[in-house]
Amino acid sequence: MPASASRGFAPSTNLATQRGKNLSFVKGLKCRECGREYPKKAIYVCEFCFGSLEVDYDYSKIKSHLTREIIASRAENLWRYKELLPLDGEPTVGLNSGFTPLIRAENLARILKVKELYIKDDSVCHPTLSFKDRVVAVALSKAKEFEFDTVACASTGNLANSVSAQAAKANLKRFIFIPADLELSKVIGSLVFHPNLIAVEGNYDEVNRLCSEIASKFKWAFVNINIRPYYAEGSKTFSYEIAEQLGWKAPQHIVVPVAGGSLISKILKGLKEFHKLGLIDEPKTRIYAAQPHGCSPVVTAIKENNDIIKPVKPKTISKSLAIGNPADGYYAVDTVRSTGGWAEEVTDSEIVEAIKLLAETEGIFTETAGGVTVGATKKLIEQGKIPKDESIVICITAHGLKTQEVLLDHLPKLVKIKPNIISFEQIFDKLNG
Ligand SMILES: *Cc1c(COP(=O)(O)O)cnc(C)c1O
Ligand SMILES: [Zn+2]
């Protein structure tokens, strides 16, 4: 269990009243298990049942404020849904994050023999090309409201990139903890922002355990530990956007990559909230979990119909999904089960093939997590788990430039010629044939 919730630190809890105007629609925090209520502080565990805390909104107040027209009139970033995000004032960090394209994937659909296929493409999320820019925008804006001067995270890579970048822009001190064996591009993509980057000789689960201890001693905003309830809310914007971009309609099927299990459960929460607010009809969306074969505790629990998630030791090229003991694993399983979805896992070579398939058909370069999601979608369609004539959204969560090394031995040979026409003509026939 993580450190006691009472150690949570919030230098200023009455900021909204100080400003004289409370813009917030947030009632407080609430235990996901026993329902006990807590004030808005940098805490994350229920003191009574050790359940995780979640942000609790005043939905009837939001409903009287928020319409499709108001949302549609706002700037194209995730703050267009600000009433459903856990700030007391206006956002200060990540002002350009979110509202990534939802792309009709006609070429890939033809190959998978399905009628209506979309890619939600967070490989182009601002500023660090992954969906983590959404959660970090919310977490750091909240950390600023709490008046923290230092932010931190335990990361499998993409979170490290995003906290490093957005904390630099927000003038926050930053401590980033990563497993020592991370991809070079993810290390460089953090270091360039000059954080205190600490490579821990261990896997993510060991990094995370260490960070929980650090979080209980140092008065920092650990985005995925003591301010996790706020951080996690950022993921909801992924499904708000899908619904809005489909013309205020939920898709019938969504395939989601799972690491800690937060994104998948917040995608469902987002759709349910949109329905509660009258923005969409009741969603009948089935949600599917995708994990790499070398780290698939959630997929295994779903397939074996277990309630308990057995932790694993990750061994996969999909390092961004390599969490062997997922914090929200239980909720991920519950999301899949309660929506009538399913789950699938993908081997390392299937991940590489799927990265290439998406690139060659849709012109989108995704990292290994996207390979997992595309590969799992292909299997679920082939197995008949996802019907061919219904709407399907594949969640692409980060860019391929971040994990280029996995492709090195799997691409066509580079053609080199002398700078003259004869050299070109010599290879032209070969290329054509
Ligand atoms: C973190 C991450 C995920 C999964 O997020 P969880 O909320 O931890 O399940 C998916 N894709 C990528 C690329 C990520 O970095
Ligand atoms: Zn509780």
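A crossing of two helices is called left-handed if the near helix is turned anticlockwise from the far one by less than a right angle, and right-handed if clockwise. Keep that in mind as we walk through this predicted model, because two packed helices are described by the angle between their axes and the distance between the axes.

Let's start with helix 11, residues 262–276, and its partner helix 13, residues 329–339. Their axes come within 8 Å and cross at roughly 45°, and the crossing is left-handed. The two helices are therefore oblique to each other. On the helix 11 side, the contact is made by I264, S265 and L268, while helix 13 brings in Y331, A332, T335, V336, S338 and T339. Sort these residues by character and you get five nonpolar, four polar and no charged.

Helix 11 also packs with helix 10, residues 236–245, at an angle of about 50° and with the axes 7 Å apart. This crossing is right-handed. Helix 10 and helix 11 are therefore oblique to each other too. Helix 10 offers K236, F238, S239, Y240 and A243 to the contact, and helix 11 answers with residues including L263, K266, I267 and F274. Here the split is seven nonpolar, two polar and four charged.

Now for the ligand. What comes nearest to ligand 1? Of the 16 residues around it, the answer is K132, G260, G261, L263 and T397. Looking at its oxygen atoms, a backbone N or O atom of G261 lies 2.8 Å from one, and a backbone N or O atom of A259 lies 2.9 Å from an oxygen atom of ligand 1. N158 uses its side chain instead, with a polar atom 2.9 Å from a ligand 1 oxygen.

How values were computed. Residues are numbered from 1 along each chain as its sequence is written. Chains are lettered from A and ligands numbered from 1 in the order in which they are written. This is a predicted model: local features need pLDDT of at least 70, side-chain atom pairs count only at pLDDT 80 or more; totals for chains, interfaces and linings use all residues. Side-chain values use heavy atoms; hydrogens and water are left out. Axes are lines fitted to C-alpha atoms, for helices over the stretch in contact, and angles run from 0 to 180 degrees between N-to-C directions. Helices (H or I, at least four residues) and strands (E, at least two) are DSSP runs, numbered from the N terminus. Angles under 35 degrees count as roughly parallel, over 145 as roughly antiparallel, 65 to 115 as roughly perpendicular and the rest as oblique. Contact means heavy atoms within 4.5 Å. Ala, Val, Leu, Ile, Met, Phe, Trp, Tyr, Cys and Pro count as nonpolar, Asp, Glu, Lys and Arg as charged, and the others, Gly among them, as polar. A residue is near a molecule or strand if one of its heavy atoms lies within 4 Å of it. A polar contact is a pair of N or O atoms within 3.5 Å; within protein, one must be able to donate a hydrogen and the other to accept it, and residues adjacent in sequence count only if both atoms are side-chain atoms.
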